[in-house]
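Please look over the model below with these notes beside it. They cover the enclosed spaces and one sheet.

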Amino acid sequence: MCTRNPVIVVHGGSGRYKEEFKEVCLLRVKEAALQGYCRVQQGGSALDMVEEASTILENDPHFNAGCGAVLNECGEVELDAIIMDGKSLDTGAVAGVRNIANPTKLARLVMEKTKHVMLSDRGASRFAKALGFPEVPMESLITERSRERWRQNLQAASTPLDSQIDHGTIGAVALDTDGNVACATSTGGLSNTLVGRIGDTPCIGSGGYADNLSGAVSTTGKGEAIMKMTLARLIVFYMERGMSPAEAADTSLQCLWTRLQSHAGVIVIDNAGDWTAKFTTENMPWAAVTAGKVYYGIALGEIRTSAIEDICQ
């Protein structure tokens, strides 16, 4: 069997980032991509790569996932995540989970330990407890930045702050040496939403999609709009019709804007290792690692490159 050149692409969420957060968010996404790439260097699969990168960003308070997630109308953290295996189309997702620091890991257990695709809220909590999956106090997931945004939205309910200002959903797509692709996406949703609101992230074809026959996608943006377009699956559809990842992403993002006047960001990889990071917002921190190089950027049209440091021991 032909060995593929592995690739991983990671994003930290589309939106508008304050100047003081741009470089640190870009650095964290770059580090997550490097650590995810290390997994394949150690014999891991595409699933291992995306899980590793997602977990790192879930543990970073700069992002709207895990620790650092935005708060619902009651000031609580509710988390969504999905992980998908392009080889088998097996998928695991969790929605509206509480007291879980790493919902991507729990989503993978849903995929591997149950016959289901998605568990939500109380059912996901019962499942986690049954497996001995670690739970954490909700307070440990709440940052002062998220709490302040919540307070400001309560005071200005008619014109709420954009929850994607310097605070983004995270995701990863990867291709391993066996030619398998995978995706993962994780989020805290939108700030000050109704309790129980679930967005695009845990929904197959919206927050993410992976199929070895074509490629893998992770999305970021306003969940309601992304779900209406099934954005991740739409991108895969265009790749199935012969478009490159960049062409499929551009076409789909234009469809999202034309039909719903909504902005978004996506990372895409095909089964040959071609990849792209596209967004129609002001910013989206992203990084890709392949063939001895790291590619990364945060502004529209920005692509920086550097050599991979010898960290995969």
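1. Start with the second largest cavity of this predicted model. Its lining has 13 residues. Glu 78, Gly 188, Gly 189, Thr 193 and Arg 197 lie nearest the centre. The space inside is about 90 Å³. By class, the lining residues are four nonpolar, five polar and four charged.

2. Now the largest cavity. It holds about 100 Å³ of space. Its lining comprises 15 residues, with Thr 169, Thr 187, Gly 189, Asp 200 and Gly 221 nearest the centre. Gly 189 is thus named for this cavity and also for the second largest one. The class split here is one nonpolar, 11 polar and three charged residues. In total, the structure has two cavities of 30 Å³ or more.

3. Which strand gives the most to the lining of the largest cavity? Strand 8, residues 215-221, does, with three residues. This links the cavity to the sheet described next.

4. Strand 8 belongs to an open sheet of four strands, in the order 7-8-9-10, with antiparallel pairing. Strand 7 (208-211) and strand 10 (275-279) are at the edges; each has a single partner strand, so one side of each lacks a neighbour in the sheet. From one strand to the next, the twist averages 5°.

5. Four bridges join strand 7 and strand 8 in the antiparallel sense. Asp 211 has Gly 215 of strand 8 as its bridge partner. Helix 7 (residues 231-240) packs on this sheet and touches strand 7, strand 8 and strand 9 (264-270). The direction of helix 7 makes about 145° with that of strand 8.

Notes. Residues numbered from 1 in each chain as written. Predicted model: local features only at pLDDT ≥ 70, side-chain atom pairs only at ≥ 80, totals over all residues. Heavy atoms only, no water. 1 Å grid on protein atoms, 1.4 Å probe; cavity = no way out; pocket = protein on both sides within 12 Å on 5 of 7 lines; lining within 4 Å. Points joined across faces, edges and corners; volume = space filled by probe spheres on them. Helix = DSSP H or I, 4+ residues; strand = E, 2+ residues; numbered from the N terminus. Nonpolar A, V, L, I, M, F, W, Y, C, P; charged D, E, K, R; others polar. Pairing = 2+ DSSP bridges. Axes fitted to C-alpha atoms, helices over the stretch in contact; angles between N-to-C directions. Contact = heavy atoms within 4.5 Å.
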